[in-house]
Amino acid sequence: MIPARYASTRFPAKLMQLLGNKTVIRHTYDNTVRTGLFNQVIVVTDSQIIYDEIVKNGGEAVMSRKTHESGSDRIAEAVENLDTDIVVNVQGDEPFVQKEPLKKLLDVFTGDTTGQVQVASLMQVIKDKKNIEDPNYVKVAVDLQMNSLFFSRSVIPYPRDPSLPVNYYEHIGVYAFRKHALMKFTRWPVTALEASEKIECLRYLEHGISLKMVLTEYMGIEIDTPEDLQQAIKKLG
């Protein structure tokens with residue numbers, strides 16, 4: 001499922017911006033389909049413009065209500081009546097989405113014979129001090145089994161002793177859920193930590209559900225700002 005909201009605070013209509021000869025949302029959709037990992041790929045949108053863009057080019061899309069707290073809530077509305085076990089959320093502004101990270105995410109569930117993993121997500125190592133301190137980069141701290149301990153826009157862990165080596169991980173907003181976990185998420189109200197940080201997966205942590213984090217090396221450029229789009233155009237060209 002690809003949640004695709006037309007409005008965006010930092011970059012309105014970003015999903016309909018041209019990247020080469022296709023819009024950002026079509027790159028995301030086409031590249032997700034091209035992985036061959038999914039039996040169905042659907043764009044879930046509140047916008048007739050985005051809906052038409054996908055459908056007229058042979059893709060599958062559904063309309064959702066405009067009033068959703070998060071992309072997960074938007075997806076839950078679309079999958080409520082679908083007969084499925086695992087749902088993957090690929091953000092609409094990830095035009096360079098690749099097969100390998102998504103396969104790693106799905107492998108978490110195929111290797112989970114006990115059904116303990118409810119939610120999984122991606123992360124990558126960040127080394128640039130500027131990015132580590134940037135609140136637009138959501139950081140995640142994990143335990144020794146790669147389960148999430150906390151997500152924050154602040155620097156976690158805090159380098160109280162800068163001489164000690166420590167990895168900093170950026171959370172990449174690509175999720176995989178068991179359907180029943182996703183439906184539970186949408187019935188819970190927004191929690192205090194989630195509201196404070198504006199990070200939706202904190203709702204899972206506040207209800208005692210850790211996310212299994214999967215380390216990936218590269219997910220491409222996420223289109224959040226006009227500057228990101230220019231970077232993506234350069235990468236494509």
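**Exercise 1.** Describe the largest pocket: its volume, its centre and its lining.

*Solution.* Step 1: the volume is about 1800 Å³. A pocket is an open set of points on a 1 Å grid over the protein atoms alone, where a 1.4 Å probe fits, with protein on both sides within 12 Å along at least five of seven lines; lining residues have an atom within 4 Å of a point. The volume is the space filled by probe spheres set on the points, which are joined across faces, edges and corners.

Step 2: 48 residues line this pocket, and Arg10, Lys14, Asp93, Glu222 and Asp224 are the closest to its centre.

Step 3: sort the lining by class, which gives 14 nonpolar, 16 polar and 18 charged residues. Asp, Glu, Lys and Arg count as charged, Ala, Val, Leu, Ile, Met, Phe, Trp, Tyr, Cys and Pro as nonpolar, and the others, Gly among them, as polar.

The model is predicted: local features need pLDDT of at least 70, side-chain atom pairs count only at pLDDT 80 or more, and totals for chains, interfaces and linings use all residues. Residues are numbered from 1 along each chain as its sequence is written, and side-chain values use heavy atoms, with hydrogens and water left out.

**Exercise 2.** Repeat the description for the second largest pocket.

*Solution.* Step 1: this pocket holds about 350 Å³ of space.

Step 2: its lining has 18 residues, with Phe38, Asn39, Gln40, Thr84 and Ile86 nearest the centre.

Step 3: by class, the lining of the second largest pocket comprises 13 nonpolar, 4 polar and 1 charged residues.

**Exercise 3.** Which residues does Ile2 touch?

*Solution.* Step 1: contact means heavy atoms within 4.5 Å. Step 2: leave out residues up to four places away in sequence; the partners then include Ile25, Val43 and Val90.
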